[in-house]
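Please open the model in your viewer and keep the selection panel at hand, since each stop on this tour begins with something to select.

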There are 2 protein chains.
Amino acid sequence: MAVLVVGSVALDSVKTPFGEVKDVLGGSAVYFSCAANHYTDVRLVGVVGEDFPKVYLNFLKKMGLDLKGLEVKKGGKTFRWKGYYEYDMGHAHTVDTELNVFRTFKPHIPDEYKDSKYVFLANIDPDLQMEVLDQIKKPRLVVGDTMNYWIENKRESLLKLFKRLDIILLNDSEARQLCEENSLLKAATKILKWGPRTVIIKKGEHGALLWSASGDHFSAPVYPLEEVNDPTGAGDSFAGGFMGFVAYTGDISDENIRRAMIYGSVMASFDVEDFSLDRLQKVKKEDIKRRFRALKKSTHFEEWEEA
Amino acid sequence: MAVLVVGSVALDSVKTPFGEVKDVLGGSAVYFSCAANHYTDVRLVGVVGEDFPKVYLNFLKKMGLDLKGLEVKKGGKTFRWKGYYEYDMGHAHTVDTELNVFRTFKPHIPDEYKDSKYVFLANIDPDLQMEVLDQIKKPRLVVGDTMNYWIENKRESLLKLFKRLDIILLNDSEARQLCEENSLLKAATKILKWGPRTVIIKKGEHGALLWSASGDHFSAPVYPLEEVNDPTGAGDSFAGGFMGFVAYTGDISDENIRRAMIYGSVMASFDVEDFSLDRLQKVKKEDIKRRFRALKKSTHFEEWEEA
């Protein structure tokens with residue numbers, strides 16, 4: 001079944017110790033879509049300006065995304081993010097954010113999308129995330145992402161949103177900040193009380209942790225890489241692999257949610273190998289299968305049995 | 001079979017956001033022994049001063065450790081470490097190190113220990129680590145730890161030592177510093193070329209990674225805790241659980257080495273829950289089993305099978 005994503009479509013300028021790119025295709029909805037698209041159909045809701053390069057629009061079309069929800073705002077300028085990473089690659093340093101058309105963005109869900117069952121609310125204003133949900137008839141799985149800016153400036157809205165989410169995705173520093181707890185276990189326990197059935201805490205190069213109200217706890221490893229050239233979009237690629245797989249299988253059992261996290265981890269591992277969508281777009285089914293199996297092998301152990 | 005450890009026996013003064021202790025029992029050989037002792041007999045080689053409190057000596061004896069190798073130096077003062085942890089607990093800040101009797105320490109292996117098959121060289125001068133090995137007849141498994149100080153000041157000795165180690169344990173920042181590589185995969189590949197059959201990279205609250213010359217790669221998770229009160233000794237407790245289990249089973253297959261890492265992770269999880277050996281000494285067989293099984297459950301997933 002198709003997955004619906006609402007988020008940013010951006011032009012990114014990124015510098016890492018291994019290269020530099022200017023005004024390349026990026027944004028949370030784009031990374032998500034490019035990852036999810038390897039598993040299922042994707043409906044993208046977002047906005048760009050008139051300056052959005054044709055070549056990028058064609059790229060998204062050629063990928064087979066459903067772009068009815070992508071607004072091209074007349075006279076508007078596309079959202080831009082400029083940032084850099086230092087040698088450790090663990091933290092994105094923002095140099096400049098130009099909201100442009102994103103400043104007045106009001107997500108409008110096309111009628112054909114209103115029956116969407118699998119909804120991903122990428123990191124945007126929690127009030128807008130709720131406006132999206134108001135327009136969806138009867139979603140089966142709603143997953144939301146957020147960031148420190150909303151935690152600091154829209155805490156109340158965020159907590160309201162939490163009541164309407166099945167799964168919240170956030171990174172470890174955000175979870176700690178939100179809950180004022182150093183222990184991720186304690187933070188997750190707190191967040192579960194606020195509404196979501198499941199919390200997934202992303203830890204970048206250290207993998208991701210899940211806690212569910214069902215009592216489930218899962219630790220997803222990362223695929224070890226020789227080269228990490230640009231971490232931009234890793235979290236959204238994770239979300240894309242995760243949601244894409246869940247929507248494809250239509251299975252939201254604890255067991256399948258675990259498996260979906262592994263697909264998320266696999267897609268994030270491809271994303272960071274190159275700038276923009278350069279690696280992610282080239283991924284083949286066999287590549288995915290190979291990394292999935294490598295992750296399975298890298299976490300396997302058995303109990304000791306006395307001879 | 002018994003395991004031999006050579007390392008420090010110390011009086012630690014530690015401050016964390018959750019408490020403060022002064023001149024409590026610590027040191028790499030002590031943490032290691034207290035963890036390994038839950039699995040097998042431990043032979044401890046180290047040195048203390050005349051000021052070493054009787055109550056601590058009795059504590060070590062009562063634990064059942066073989067202390068023939070623990071020298072009490074006349075007129076000497078015991079090694080002391082003073083440090084603190086900030087809120088994130090990820091990094092120990094050293095305030096003061098008093099080497100005292102450790103400055104002139106020459107590890108002397110008692111004759112009864114020379115047949116030791118399982119040897120752990122805790123973090124001391126690599127030249128001394130080699131002197132220990134010179135005294136052991138025919139070890140079956142030699143595992144060594146190290147630290148940034150030796151990487152910076154005794155690189156050549158360290159690389160010489162590597163040729164004589166089966167397994168090197170080090171933490172992620174040390175691996176990166178030693179190899180001048182950001183990718184842990186690349187760092188591990190480099191270290192394997194220097195001699196050890198296996199590299200285990202400890203990542204604190206993010207678990208541990210193994211790479212072996214056999215091609216094996218394993219990612220060990222951590223047991224999530226509500227309270228981390230004092231991380232001191234976590235790495236040595238990991239090593240103790242790891243080596244203790246390997247020595248107990250006498251099995252050095254890839255499969256058992258993976259399992260041993262889980263026991264290492266379990267022992268580290270107990271250690272950090274309280275100051276000094278306060279939690280580690282109270283661990284029961286059932287506690288270990290429960291955490292081992294929880295870690296197994298938290299990493300398990302299966303491949304998707306199309307219905």
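Two residues are taken to be in contact when heavy atoms of theirs lie within 4.5 Å. Please bear in mind throughout that this is a predicted model.

Begin by selecting A:Ser33, which belongs to helix H1 of chain A, the helix that spans residues 28-36. Is this residue buried or exposed? A:Ser33 counts as buried because its relative accessibility is 0%. If you then display its surroundings, leaving aside the neighbours within four places in sequence, you will find A:Ser33 in contact with A:Val5, A:Val42, A:Leu44 and A:Leu65.

Stay in chain A and move to helix H6, residues 172-179, which is mostly covered, with six of its eight residues buried. The buried residues to highlight in H6(A) are A:Asp172, A:Glu174, A:Ala175, A:Arg176, A:Leu178 and A:Cys179. Showing the elements of chain A that these buried residues pack against will bring up helix H4 (148-153), helix H5 (155-162) and helix H7 (184-193), together with strand E10 (167-171) and strand E11 (198-202). Before leaving this region, step just past the end of H6(A) to A:Glu180, where the backbone takes a positive phi of about 50°.

Now turn to chain B and select helix H9 (residues 254-271) along with helix H10 (residues 285-299), whose axes come within 10 Å and cross at roughly 115°. The crossing in which H9(B) passes H10(B) is right-handed. On the H9(B) side, the contact is made by B:Arg259, B:Ile262, B:Tyr263, B:Ser265, B:Val266, B:Met267, B:Ser269 and B:Phe270, while H10(B) contributes B:Asp287, B:Ile288, B:Arg291, B:Phe292 and B:Leu295. Colouring this contact of H9(B) with H10(B) by residue class will show eight nonpolar, two polar and three charged residues.

Finally, display both chains and look at where they meet. How many residues does the contact take from each chain? There are 46 residues from chain A and 46 residues from chain B. Between them, chain A and chain B bury about 4,100 Å², of which 52% is on carbon and sulfur atoms. Select A:Phe301, A:Glu303 and A:Trp304 next, as these supply 19% of the area that chain A buries against chain B, more than any other three residues. Six salt bridges are counted between chain A and chain B. For a last selection, pick A:Arg293 and B:Glu303, which form a salt bridge whose closest N and O atoms are 3.0 Å apart.

Definitions and conventions
Residues numbered from 1 in each chain as written. Chains lettered and ligands numbered in written order. Predicted model: local features only at pLDDT ≥ 70, side-chain atom pairs only at ≥ 80, totals over all residues. Heavy atoms only, no water. Helix = DSSP H or I, 4+ residues; strand = E, 2+ residues; numbered from the N terminus. Buried < 20%, exposed > 50% of the residue type's maximum accessible area, 1.4 Å probe, protein only. Axes fitted to C-alpha atoms, helices over the stretch in contact; angles between N-to-C directions. Left-handed = near helix turned anticlockwise from the far one by under 90°. Nonpolar A, V, L, I, M, F, W, Y, C, P; charged D, E, K, R; others polar. Buried area = accessible area lost by both parts, 1.4 Å probe. Salt bridge = Lys/Arg side-chain N within 4 Å of Asp/Glu carboxyl O.
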